[in-house]
Amino acid sequence: MYRSISSFAERTVFSNKWIYLLVPVLGCLVLTSCVSKPELVRIDDIKILGVEDSVMTVQLAYVVYNPNIFKAKISRGEVEAFFGSERLGTAVINEPLTLQAKDTSQLHMKVSFDLDRLESVYPDLIEQDSAVFRIVGKNTIRLMTRNFTLNVDEYIALNTKLFIQEQVKKNLSRKGNFAIESVSIRQLPSLSKVVLDLKVGLLNELPLDYTVEGAKLRFYARKNEDPVAEWQLEEPFEMKAFSKISLPVEVELKNFNLLKNFDFGWIGKGGMELRMEGNARLSIKKYTFGIPIKQNKLIRMRGIPSLFE
C-alpha cells in the first residue's frame, strides 16, 4: 500500500514537471502563430545631405508599423536606388533596428547616389525642380522566433536641380577645360606694342551642349601687378557635348607695361611667364554659369632683342 502511494506521488510530480515545461512552450507556439507581419507605411524624412566626389548622400526613413505586442528587429536590409532604369547606388543595414510594439517606428538610413551615372540625364534633371527616384529593398524582420521579409518598392521625389548645377559647374571648372594651347608672335614688335596669337583650347566633357555667352581674360607679366593686356569675347558660340575646339585669341601687349613689369629672371628662362586670369559665362538651357579661368604660360620671345637679348 505504501509503495503504490509513493509510486503515484512520483508519477504526479513527474507529470507536473512536464506540464511546467510544456505550458511555456505551448504558450510561445500560440503567441508565435498569432504574430502579424510588420508593414511599411511610407518612406519619409527625405533629405539631401550633400555632395562629395560626385556622390550625393540622401537620408531617408522607413516608417514601419508593428501591430504586435512584442518588439521586433530589422536584422538586415539592402536598398537600391534607381533613376529610370539606371541603378545609382545602394545602402546596407548591418546593425539591428528596433520596431516598437504596437507602434509606428521611423528607421533612418543613408543612401549614396553616384552622380556620374546620372550624366546622361543631366539635361532633364537640370530643368526639373524635383526628380523621381525609385527605392527598392528587401529587409529581414526578426519577431520572437519568426522571420519576416519586408519588401520595399517606393518612389521618392528629390530636388536635385541645385546639386546637378553644382556638378555641371564643377565639371566646367576643371583644369584644362579652358587653357592656352599655343602662343606665337604675329608681327615684329613696334615701339609701342607686341601682338600675340594665342590658341585657347576649350573642352566640353559633359553630355550637354552649352553656349559660351562671354569671356574676359586679363594677362599679367608679374605677380600682383597691373595687366599687360586684356581680351574679351566678341560673339557667343556653341560648344557641343563631348567636343573640343581651339579658339583664336589676339592679344596686344603694350611694351610700356612690359618694361614696367620687367623681370631679369625672364632672361634666364628665355621668355616671359605670362599669367592668364579671367572668367567665362556659359549657359545651359536657361541657366548661366560663371567659370573662373587661371593659367600660367611661358612665352618664348627671343624675337624681341630689346628685351631679351
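**Exercise 1. Find which residues line the largest cavity, and say which elements and classes they come from**.

Start with the lining itself: the largest cavity is bordered by Leu-172, Asn-177, Phe-178, Leu-202, Leu-203, Tyr-210, Val-212, Ala-280, Leu-282 and Ile-291. Next, look at where these sit. Two or more lining residues come from each of β10 (193-203), β11 (210-220) and β15 (271-284). Now sort the lining by class: you get 9 nonpolar residues, 1 polar and no charged. Finally, add the volume, which is about 70 Å³. A search through the whole structure turns up 1 cavity of 30 Å³ or more. Keep in mind as you go that this is a predicted model.

**Exercise 2. Describe the largest pocket: what is its volume, and what lines it**?

Volume first: about 190 Å³. There are 13 lining residues, and those closest to the pocket's centre are Arg-174, Lys-175, Gly-176, Phe-178 and Lys-294. Then check the elements. Both β9 (178-185) and β16 (287-300) give at least two residues to this lining. The largest share, 5 residues, is from β16. Last, the classes: 6 nonpolar, 4 polar and 3 charged residues. Did you spot Phe-178? It belongs to the pocket lining, and Phe-178 is on the cavity list as well.

**Exercise 3. Get an overview of the chain: how many helices and strands does it have, and what share of its residues is buried**?

Count the elements and you'll find 6 helices and 16 strands. The chain has 309 residues, of which 39% count as buried. For the surface, the accessible area comes to about 17800 Å², and carbon and sulfur atoms hold 52% of that. Then look at contacts between residues at least 6 apart in sequence: 69% of them join residues at least 24 apart.

**Exercise 4. Work out which residues have the most contacts inside the largest nonpolar core, then follow Tyr-62 outward**.

A bit of background helps: in soluble globular proteins, nonpolar side chains tend to be buried together. Here, the largest nonpolar core holds 74 residues. Inside that core, the ones with the most contacts are Tyr-62, Phe-113, Leu-118, Phe-133, Val-168 and Phe-219. Now pick Tyr-62 and skip anything up to four places away in sequence. Its partners include Leu-40, Ile-43, Val-79, Met-109 and Val-152. Polar and charged residues turn up too, among them Arg-42, Ser-105, Gln-106 and Asn-139.

**Exercise 5. Decide whether Ala-131, Ile-126 and Glu-154 are buried, partly exposed or exposed, and find what each one touches**.

Take Ala-131 first, in strand β7 (residues 131-143). Its relative accessibility is 0%, so it counts as buried. Leaving out neighbours within four places in sequence, Ala-131 is in contact with Phe-83, Leu-125, Ile-156, Ala-157, Leu-158 and Thr-160. The C-alpha atoms of Ala-131 and Thr-160 are 6.6 Å apart, though the two are 29 residues apart in sequence.

Next comes Ile-126, in the loop between α2 (122-125) and β7. Ile-126 is buried because its relative accessible area is 0%. Beyond four places in sequence, its contacts include Gln-165, Val-168, Ile-284 and Phe-289. Ile-126 and Gln-165 are 39 residues apart along the chain, with 6.5 Å between their C-alpha atoms.

Then there's Glu-154, in strand β8 (residues 146-158). With a relative accessible area of 30%, Glu-154 is partly exposed. Apart from residues up to four places away, it touches Leu-40, Ile-43, Phe-133, Arg-134 and Ile-135. Ile-43 is 111 residues away along the chain, yet its C-alpha atom is 7.4 Å from that of Glu-154.

**Exercise 6. Look at phi of Lys-102 and Phe-242, then say where these residues lie and whether they are buried or exposed**.

Begin with the angles. Lys-102 has a phi near 50 degrees, which is positive in a residue other than glycine. Phe-242 isn't a glycine either, and its phi is about 55 degrees. Now place them: Lys-102 is in the loop between β5 (97-99) and β6 (103-114), while Phe-242 is in the loop between β13 (237-239) and β14 (244-254). To finish, check exposure, where the cut-off is over 50% relative accessible area. Lys-102 has 52%, so it is exposed. Phe-242 has 57%, so it counts as exposed too.

Key:
Residues numbered from 1 in each chain as written. Predicted model: local features only at pLDDT ≥ 70, side-chain atom pairs only at ≥ 80, totals over all residues. Heavy atoms only, no water. Core = buried A, V, L, I, M, F, W, Y, C linked by side-chain atoms within 4.5 Å. Buried < 20%, exposed > 50% of the residue type's maximum accessible area, 1.4 Å probe, protein only. Contact = heavy atoms within 4.5 Å. Helix = DSSP H or I, 4+ residues; strand = E, 2+ residues; numbered from the N terminus. Areas by Shrake-Rupley, 256 points an atom, 1.4 Å probe, with all protein chains shown as cover. 1 Å grid on protein atoms, 1.4 Å probe; cavity = no way out; pocket = protein on both sides within 12 Å on 5 of 7 lines; lining within 4 Å. Points joined across faces, edges and corners; volume = space filled by probe spheres on them.
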